[in-house]
Amino acid sequence: DKISDWKNITIKGKKFYRETDTLDTFVDSSWYFLRFCSPENNNYGFDLEEVNYWMPVDQYIGGVEHAILHLLYSRFFMQALSFKNKDFKITEPFSGLFTQGMVCHETYKDENNNWISPDEVETKDGKKYLKSNPSIEVKIGASESMSKSKKNVIDPENIIRDYGADSVRLFILSDSPPEKDVQWSEEGISSAFKFIQKLWNLHLKIMNELKKNHEEDSSDKLLKYTNKFIKKITYNLNNFSYNIIVANIHELYTFFNNEVNEKYKKKTLLENYKKILITLNPIIPHFSSEALKNIDSLDKLSWPSYDEELLKEDTKPFVIQINGKKRGLIEIKLDQSEKEILNLIYQDNNLSKYLNEKDIKKKIFIPNKLINIIV
């Protein structure tokens with residue numbers, strides 16, 4: 001490109017230049033992961049020893065637009081580099097692939113059919129108008145993946161300024177499974193923001209409870225719940241079930257908001273709350289870090305483990321059917337006998353009415369699950 005004698009040519013009196021930008025960008029993205037292994041190697045693209053240590057990439061996460069060309073070319077490059085090459089042992093560049101969905105937003109056009117951005121639009125009485133001229137109604141198009149050409153993009157700086165980064169993270173994770181598209185909405189981000197305020201109020205409640213320093217624990221419910229929560233979050237993180245994690249956090253709020261009023265020793269409450277805050281860190285890191293700082297627990301953080309023994313339930317819900325139709329649920333101790341469960345049914349007014357003055361023809365009993373009584 002810098003050799004003008006070669007680049008600029010004249011043919012039959014007309015001036016031309018040779019094209020030098022002929023390398024497809026996919027050629028770069030087909031091997032950049034090898035360069036990441038040896039970024040400071042000035043003699044060669046990568047060092048074999050470093051490549052053998054770091055490669056293959058454990059987990060590739062990318063948009064659906066990369067799922068064909070980029071990934072296909074990357075695999076081809078590795079096959080080519082390893083062909084008849086005993087030193088280069090990487091035949092597949094990525095051990096795992098997860099293809100994520102896109103963030104989508106409504107599209108808008110003005111009266112001249114020009115694309116306009118959401119920042120130029122205001123809503124009145126359920127209809128959308130131009131902010132610059134509220135008399136002109138805006139045409140609403142389909143919700144499509146955000147793109148500069150269609151101007152249906154949201155400025156992240158404005159959203160973070162108004163709602164905070166944690167609200168954005170929480171909303172995007174809660175909207176749908178990560179392999180599906182996310183439909184952006186102001187209502188959704190506002191809802192996530194309000195929930196984080198509720199979590200902060202709960203945090204202040206816990207801080208106040210820590211000061212009371214009760215002498216004994218009222219029960220082991222908090223310990224058991226914390227272990228269950230850690231297991232759920234760990235499993236759902238590893239399986240990319242991020243929207244389920246947000247549901248887990250909502251359940252956590254309901255449980256903790258009630259349970260914090262039950263008397264727990266400072267040590268018990270602090271240890272369990274710290275573990276929960278650490279598991280929240282990948283989802284809402286700013287909230288988590290601030291809360292950990294408040295309880296002086298920012299040092300020596302590591303992902304908490306859970307105790308399988310504490311996950312075992314003493315009781316469980318048991319289904320009662322009469323003539324094949326579900327009539328209720330009762331809480332039973334594990335492995336209770338058929339006779340004991342029948343006694344519980346007769347003691348329950350809502351269930352016993354189906355059996356009073358009836359002949360029992362048959363009983364189908366499945367331990368720890370259900371009983372079907374044919375009358």
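**Salt bridges and a hairpin, tested against their definitions**

Reader: Why is Asp220 called partly exposed?

Author: Asp220 has a relative accessible area of 40%, and because buried means under 20%, exposed means over 50% and partly exposed lies in between (1.4 Å probe, protein chains only), Asp220 is placed in the partly exposed class. The model is predicted, so that local features need pLDDT of at least 70 and side-chain atom pairs count only at pLDDT 80 or more, whereas totals for chains, interfaces and linings use all residues. Residues are numbered from 1 along each chain as its sequence is written, and side-chain values use heavy atoms, with hydrogens and water left out.

Reader: What makes the contact of Lys224 with Asp220 a salt bridge?

Author: The term requires a side-chain nitrogen of Lys or Arg within 4 Å of a carboxyl oxygen of Asp or Glu. In this pair the closest N and O atoms are 3.9 Å apart, so the contact of Lys224 with Asp220 meets the definition. Across the whole structure, the search finds 10 salt bridges.

Reader: How do you know that Lys231 and Glu308 form a salt bridge, and which parts of the chain do they link?

Author: Their closest N and O atoms are also 3.9 Å apart, which satisfies the definition. The two residues are 77 residues apart and link distant parts of the chain, with Lys231 in helix α9 (residues 221–238) and Glu308 in helix α13 (residues 308–311); a helix here is a DSSP run of H or I with at least four residues, a strand a run of E with at least two, and both are numbered from the N terminus. Lys231, at 33% relative accessible area, is partly exposed, and Glu308, at 44%, is partly exposed too.

Reader: Is Glu209, which meets Lys212 in a salt bridge, buried or exposed?

Author: Glu209 counts as buried because its relative accessibility is 7%, while Lys212, at 47%, counts as partly exposed. Their side chains meet at 3.3 Å, N to O, and both residues lie in helix α8 (residues 186–212), 3 residues apart, about one turn of the helix.

Reader: What makes β11 and β12 a pair of strands?

Author: Two strands pair if DSSP finds at least two bridges between them, and 8 bridges join β11 (residues 315–322) to β12 (residues 325–333), so the antiparallel strands qualify. Pro317 stands opposite Glu331 in β12. The two strands form a hairpin with 2 residues between them, and in the turn Asn323 has a positive phi of about 50°.
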